[in-house]
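Here is a briefing for a reader who has not met this structure before. Please look over the sequence and the model, then read on.

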Amino acid sequence: MKFLSLAATVWCILVPSTEASKAFKDIRCKCVCPPYRNISGHIYKKNVSQKDCNCLHVVDPMPVPGHDVEAYCLLCECKYEERSTTTIKVIIVIYLSVIGALLLYMVFLMVVDPLIRKPDAYTQRLHNEEETEDTHSLAAVRPSPGTRANTVLERVEG
């Protein structure tokens, strides 16, 4: 059942991404151009093919006049980058599913914990007798850190 819901969620995310990939591509060319004369450094990004990943195709508008274009482009460092947004989306869905499952498990433990810890009449009488015997010693001494917590949340918190 859980696998079916996970598969449906992944399918709902992947199908629209194929249509959206026409508008947004997972490839780009990034050119980092340092300062040149009186022009400050700049980073240019453009969706182009790998063969067109150079200063002439990516840097637009060209910040230098025509005769300085070649010198400016020699200073720029262009890198072709490719990423998979589909893989990123799948990882995020898996991560959110795990977090959701852990939250559901915590709620389950909070609901079931009081049912598991029903007070037993015999142990309650013994506990009351111990309290009356140790009232003076417990009032003077703080509880030790090794004291066992009563509920699941107290165990987790502290």
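**Briefing**

Residues 92-116 are 100% helix and 0% strand, and the C-alpha atoms at the two ends of this span lie 35 Å apart. In an unreviewed UniProt entry, residues 92-116 carry the feature "transmembrane region". The model is predicted, and the mean pLDDT of the chain is 78.

**Confidence**

- A pLDDT of at least 70 is reached by 63% of the residues.
- Confidence is highest in strand β3, residues 77-82, where the mean is 94.
- Confidence is lowest in helix α6, residues 135-140, where the mean is 52.
- Residues 19-23 have a pLDDT below 50, and in the model this stretch makes zero contacts beyond near neighbours in sequence.

**Strand pairing**

- Strand β1 pairs with β3 in the antiparallel sense, over six bridges.
- Within the β1 and β3 pairing, Lys30 is placed opposite Lys79 of β3.
- Strand β1 also pairs with β2 (residues 42-46), again in the antiparallel sense, over five bridges.
- Opposite Val32 stands Ile43, a residue of β2.

**Nonpolar core**

- The largest nonpolar core has 16 residues.
- The members that touch the most other members are Cys29, Cys33, Tyr44, Val58, Val59, Val64 and Tyr72.
- At least two residues of this core come from each of β1 (27-33), α2 (55-58) and α3 (69-75).
- In soluble globular proteins, nonpolar side chains tend to be buried together.
- Leaving aside residues up to four places away in sequence, Cys29 touches Tyr44, Lys45, Lys46, Val48, Cys53, Asn54, Val58, Cys78 and Lys79.

**The aromatic pair**

- How many aromatic pairs are there? The count comes to one.
- This pair is formed by Tyr36 and Tyr72, with 5.7 Å from centre to centre and 70° between the planes, an edge-to-face arrangement.
- Tyr36 belongs to the loop between β1 and β2 and Tyr72 to helix α3, so the pair ties together parts 36 residues apart in sequence.
- Is Tyr36 buried or exposed? Tyr36 has a relative accessible area of 11%, so it counts as buried, the cut-off being under 20%.
- Tyr72 is buried as well, with a relative accessible area of 1%.

**Loops between the elements**

- Arg37 is located in the loop between β1 and β2.
- The phi angle of Arg37 is near 50°, which is a positive value in a residue other than glycine.
- Arg37 has a relative accessible area of 66% and is therefore exposed, since exposed means over 50%.
- Pro61 is found in the loop between α2 and α3.
- The peptide bond that runs from Asp60 to Pro61 is cis, and its omega is near 0°.

**Helix α3 and Glu70**

- Helix α3 contains Glu70.
- Glu70 counts as exposed because its relative accessibility is 63%.
- What is the C-alpha to C-alpha separation of Glu70 and Leu56? These two residues are 8.8 Å apart in space and 14 residues apart in sequence.

Definitions and conventions. Residues are numbered from 1 along each chain as its sequence is written. This is a predicted model: local features need pLDDT of at least 70, side-chain atom pairs count only at pLDDT 80 or more; totals for chains, interfaces and linings use all residues. Side-chain values use heavy atoms; hydrogens and water are left out. pLDDT is the predictor's confidence in each residue, from 0 to 100. Helices (H or I, at least four residues) and strands (E, at least two) are DSSP runs, numbered from the N terminus. Contact means heavy atoms within 4.5 Å. A nonpolar core is a set of buried Ala, Val, Leu, Ile, Met, Phe, Trp, Tyr and Cys residues joined through side-chain atoms within 4.5 Å. Buried means under 20% relative accessible area, exposed over 50%, partly exposed in between (1.4 Å probe, protein chains only). UniProt positions are given in the numbering used here, feature names are shortened, and annotations may be inferred rather than shown by experiment. Two strands pair if DSSP finds at least two bridges between them. Rings of Phe, Tyr and Trp (its six-membered ring) pair if their centres lie within 6.5 Å; planes under 30 degrees apart count as stacked, over 60 as edge-to-face and the rest as tilted.
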